[in-house]
Amino acid sequence: MKNRVKELRKNAGMTQQELAGLVHVSSRTIISLEQGQYNPSLLLAYRIATVFGTTVEDLYCLRENLEEEEKRYEAF
């Protein structure tokens, strides 16, 4: 799932380790999130969004992800 974690973290001048500490996970979790290899719990997504002063919907590009999913289903 596409997300803006890396973009927002870098814009904030924050390391993966710093973000991990703020949201109570390992830096490996942040790496996996940024690479789109892991979908967080709602609570973790909320914590990250709060750190960056945004919404979960914006952080996880909800509209864009939904549109891509719909396109995949239309192909069937």
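This is a short tour of the structure above, with something to select at each stop. Keep in mind that the model is predicted.

**Stop 1: the segment before α1**

Start by selecting Arg4, which sits in the segment before α1. Show its side chain together with that of Glu7: the two side chains make a polar contact at 2.9 Å. Which residues does Arg4 touch, once those up to four places away in sequence are set aside? Add Asp58, Leu59 and Cys61 to your selection, and you have them.

**Stop 2: helix α2**

Next, select residues 16–23, which form helix α2. Colour Leu19, Ala20 and Val23, the residues that are buried here. These residues lie on the same side of α2, because they cover an arc of only 100 degrees around the axis. What do the buried residues of α2 pack against? Show α1 (5–11), α3 (27–34) and α4 (42–52), and you will see their partners. Before you leave, click on His24, just after α2, where phi is positive at about 65 degrees.

**Stop 3: two serines in helix α3**

Move on to helix α3 and pick Ser27. Is Ser27 buried, partly exposed or exposed? Its relative accessibility is 24%, so Ser27 counts as partly exposed. Leaving out neighbours within four places in sequence, Ser27 is in contact with Gln16, Gln17 and Ala20. You have already coloured Ala20 as one of the buried residues of α2. If your viewer has a distance tool, try it between the C-alpha atoms of Ser27 and Lys2: these are 25 residues apart along the chain, and 19 Å separates them.

Now select Ser32, also found in helix α3. With a relative accessibility of 14%, Ser32 counts as buried. Its contacts, again without neighbours within four places in sequence, are Gln37 and Tyr38.

**Stop 4: helix α4**

Select residues 42–52 to bring up α4. Colour Leu44, Ala45, Ile48, Ala49 and Phe52, which are buried. Why do these residues share a side of α4? They cover an arc of only 135 degrees around the axis, and this puts them on the same side. Then turn the view to the face of α4 that points away from the buried side, where you will find the exposed residues Leu42 and Tyr46. Which helices do the buried residues of α4 pack against? Show α1, α2, α3 and α5 to see them. Just after α4 comes Gly53, which takes a positive phi of about 65 degrees.

**Stop 5: the largest pocket**

For the last stop, look at the empty space. Rolling a probe the size of a water molecule over the atoms shows where such space is left. The volume of the largest pocket is about 290 Å³. To find the pocket, select Met1, Asn39, Tyr60, Leu62 and Asn65, which lie nearest its centre among the 15 residues of the lining.

Which helices supply at least two residues each to this lining? They are α4, α5 (56–59) and α6 (62–74). The largest share comes from α6, with 6 residues. Try colouring the lining by residue class: you should have 8 nonpolar, 3 polar and 4 charged residues.

Key
Residues are numbered from 1 along each chain as its sequence is written. This is a predicted model: local features need pLDDT of at least 70, side-chain atom pairs count only at pLDDT 80 or more; totals for chains, interfaces and linings use all residues. Side-chain values use heavy atoms; hydrogens and water are left out. Buried means under 20% relative accessible area, exposed over 50%, partly exposed in between (1.4 Å probe, protein chains only). Helices (H or I, at least four residues) and strands (E, at least two) are DSSP runs, numbered from the N terminus. The arc is that of the directions from the helix axis to the C-beta atoms. Contact means heavy atoms within 4.5 Å. On a 1 Å grid over the protein atoms alone, a cavity is a set of points where a 1.4 Å probe fits but cannot get out, and a pocket is an open set with protein on both sides within 12 Å along at least five of seven lines; lining residues have an atom within 4 Å of a point. Grid points are joined across faces, edges and corners, and a volume is the space filled by probe spheres set on the points. Ala, Val, Leu, Ile, Met, Phe, Trp, Tyr, Cys and Pro count as nonpolar, Asp, Glu, Lys and Arg as charged, and the others, Gly among them, as polar. A polar contact is a pair of N or O atoms within 3.5 Å; within protein, one must be able to donate a hydrogen and the other to accept it, and residues adjacent in sequence count only if both atoms are side-chain atoms.
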